[in-house]
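Me: I would like a close look at one part of this model, namely a single charged residue and its setting. Please give one connected account that also places it beside comparable features elsewhere in the chain.

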Amino acid sequence: MDHGAPRLVLAILLFVAALAMTSCGGDGGGVVDGIQGGGANDEVVDDEGEAVGGNSGGGGSGSGGSGSGGNSGGGGGNPQAPVNPTNQQPQQPVNPTNRQPQQPVNPTNQQPQQPVNPTNQQPQQPVNPTIQQPPALPKSTFVTTLGPTSASSSNQQAQPPALPLPAIATTTSHYLVGSNRKPSGTLVAAPNLYHGVTVKKGQIADVSSTNAVVKHLGSSLMYLYRPSKGPLLGLATFSVAPVIKIDPGATDEERRRVEIATSIINSALPHDKRIKIASDYNNLNEEGTIQITFNRNFPRNHPLLGHAKVTSYWQTPATGDKKDKLVKLVTSMVEMRPNAFVKPTFGDPGRAMIQVLIHEIMHALGIWGHIDNTSSLMGTYYAYNSRPMFLYPIDSDILLAMYGVLPTGLQPDEFDANSLGSWSNTSSHLVGEFSWQQGTTTTTASFGVAYANGLARPWATGPKPGSALSANTDLSTTVTWNGALLGYTPTADEVVGKASLAVEISSLTGNLNFTELKDFSDQQWKDGDLGYMVVVEENFFRRTGGDDGNLRGTFVGSKHEGMVGVLERSDLAAGFGGKR
């Protein structure tokens with residue numbers, strides 16, 4: 001063993017996302033992560049506490065059973081065994097910040113009944129403390145981004161083609177495409193209409209503060225306790241763009257839900273760190289891989305909905321009193337239990353699965369704890385049908401800080417407000433609005449883009465149509481919608497232009513062109529235009545060819561009077577919309 005150099009050790013870190021349902025009536029339903037007990041009316045089950053052994057054996061106990069192991073890793077607990085909060089003896093909290101424990105949800109009044117200690121997980125063991133360098137990882141190619149562009153190979157096991165990404169319904173009446181960054185403050189109207197669209201712009205303090213980001217990152221991400229070695233410290237993230245590989249046994253609908261969840265998470269990640277979805281299920285040990293599986297061995301109505309675990313490298317300094325530190329994530333795994341979503345309290349099981357997938361994939365990206373904040377998808381308590389289908393500001397801002405600002409391996413004693421550099425709690429906004437008459441009622445749709453801390457987040461929203469586009473008997477031959485595009489470049493330069501979508505109703509295909517692209521001083525952006533071929537499915541449209549970019553949108557208005565969408569490229573992020 002070379003004591004003159006730091007040791008890198010591969011450790012399996014199991015991050016539990018134990019999900020327990022309360023017996024809420026109506027379309028409620030609650031989910032608790034890492035719960036250790038519950039009231040008499042609660043269904044409470046914790047996930048397994050799998051342990052990984054070292055060279056000489058090792059092991060550890062799980063909440064559902066005991067583990068043991070040697071070179072090949074450790075054993076696991078019984079994932080179906082209920083937790084007995086009286087026989088769990090935690091060695092030390094994962095988070096030594098003395099946060100107050102949370103309470104489980106009471107299905108009758110949503111008030112806590114019993115303390116929850118989300119840190120009561122049995123510690124893990126290092127795999128092999130003599131490893132000098134990380135093992136060589138297999139190389140992989142053939143990755144498809146979310147959207148129509150894909151790659152394939154005859155020697156790869158092909159998966160079904162990616163399904164279209166629909167707009168995300170935030171209410172029963174409206175669609176939201178893109179991120180949840182529509183501003184609520186006052187903006188200043190531009191002096192004139194742009195292609196029939198009213199444009200507003202300005203700055204609003206709608207980003208999580210430096211203190212909020214530091215608090216939640218510092219309390220949720222930095223610690224994993226080991227009884228014999230002490231805590232592992234460090235902010236561990238993927239150093240490469242993550243790649244999701246979906247179990248070939250997944251159904252088309254399950255794949256679609258993974259793609260929707262990934263699309264929502266990607267709205268918060270820098271362009272070069274956005275998650276891709278592979279066209280194969282090979283090379284699962286490749287660095288950056290997030291494996292998604294669907295375990296159907298759990299009965300209907302089982303309270304455990306899913307869990308996540310990650311593999312990371314940790315490093316032991318050769319000299320000095322510094323503690324072992326986490327370096328980076330290597331791979332992650334998310335397991336979903338689809339049968340468990342068959343619950344009367346889930347008014348929409350598909351929606352519930354998407355929300356659990358978002359939560360678990362965020363664990364897989366390195367958010368190991370839970371945020372004590374009801375306005376977060378990473379909260380300890382979670383009521384599916386009362387939560388919207390997007391990231392809250394604290395969720396997206398933490399992801400941006402992790403993958404766009406802070407280095408992986410950052411230590412707690414190196415992490416404070418100064419670590420975030422010039423982090424700002426203010427966004428610059430461009431917003432476009434257009435309206436039409438429905439009888440005596442004026443209906444409005446809007447779109448735009450928010451820019452903060454180096455990332456532009458486009459969005460678009462409008463009321464749902466009354467039918468699919470193909471069922472609208474008022475439309476025939478080719479129908480055109482005209483409006484505007486508003487965007488930011490990566491350096492926050494403003495771009496405005498004309499948007500025109502023409503759809504052939506008989507084939508439900510068309511062309512979306514952006515022309516006269518320029519800034520507000522009439523300086524042309526690049527060559528001044530972008531063009532895309534699109535296909536329409538129900539009320540959604542997506543790119544099938546043309547210029548580069550991830551493009552998706554939806555028709556809005558009871559009679560499809562409007563269209564809105566978002567365009568994301570490495571050089572431009574924009575919202576767009578228009579009416580026919």
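Does K328 count as buried or exposed at its relative accessibility?

Reply: The model is predicted, and the values below are computed from it. K328 counts as buried, with a relative accessibility of 19%. The assignment follows because buried means under 20% relative accessible area.

The partner of K328 is E287: the two side chains form a salt bridge in which the closest N and O atoms are 2.7 Å apart. E287 sits in the loop between β16 (276-278) and β17 (289-294), while K328 belongs to strand β19 (residues 325-336), so the contact ties together parts that are 41 residues apart in sequence. Unlike K328, which counts as buried, E287 is partly exposed, at a relative accessible area of 22%. The 20% boundary therefore separates the classes of these partners. As a general point, side chains of opposite charge can pair when their charged atoms come close.

A search of the whole structure finds 14 salt bridges, and some others are useful for comparison. E433 and K200 meet through their side chains at 3.9 Å, N to O. That pair links distant parts of the chain, with E433 in strand β21 (residues 427-438) and K200 in strand β12 (residues 198-204), 233 residues apart. The distance of 3.9 Å still qualifies, because a salt bridge requires the nitrogen to be within 4 Å of the carboxyl oxygen. E433 is partly exposed at 28% relative accessible area, and K200 is likewise partly exposed at 27%. In the salt bridge of D571 with R569, the closest N and O atoms are 2.8 Å apart, and each of these residues is buried. Beyond such pairs, R181, D397 and R457 are linked in a network of salt bridges.

Charge also appears in another arrangement. D527, D529, D547 and D548 gather in a patch of negative charge on the surface. One of them, D547, is placed in the loop between β28 (540-546) and β29 (550-556). D547 is partly exposed, with a relative accessible area of 31%. This value meets the patch criterion, because patch residues must have over 30% relative accessible area and no salt bridge.

The strands in this region can be followed through their pairing. Strand β26 (residues 509-518) runs antiparallel to strand β27 (residues 530-537), with 6 bridges between them; G510 has V534 in β27 as its bridge partner. β27 in turn pairs with β28, also in the antiparallel sense and over 6 bridges, and Y532 has G546 in β28 as its bridge partner. The hairpin of β27 and β28 has 2 residues between the strands, and E538 takes a positive phi near 60 degrees there.

Positive phi values occur at other residues as well. E516, although not a glycine, has a positive phi of about 55 degrees; its place is in strand β26, and it counts as partly exposed at 45% relative accessibility. A492, again not a glycine, has a positive phi of about 70 degrees. A492 is found in the loop between β24 (478-488) and β25 (494-504) and is partly exposed at 30% relative accessibility.

To return to the residue in question, K328 is a buried strand residue whose salt bridge reaches E287 in a loop.

Note on methods:
Residues numbered from 1 in each chain as written. Predicted model: local features only at pLDDT ≥ 70, side-chain atom pairs only at ≥ 80, totals over all residues. Heavy atoms only, no water. Helix = DSSP H or I, 4+ residues; strand = E, 2+ residues; numbered from the N terminus. Buried < 20%, exposed > 50% of the residue type's maximum accessible area, 1.4 Å probe, protein only. Patch = residues over 30% accessible without salt bridge, like charges linked within 9 Å, V, L, I, M, F, W, Y side chains within 5 Å. Areas by Shrake-Rupley, 256 points an atom, 1.4 Å probe, with all protein chains shown as cover. Lys, Arg positive; Asp, Glu negative; His and termini not counted. Charge placed at Lys NZ, Arg CZ, Asp CG, Glu CD. Pairing = 2+ DSSP bridges.
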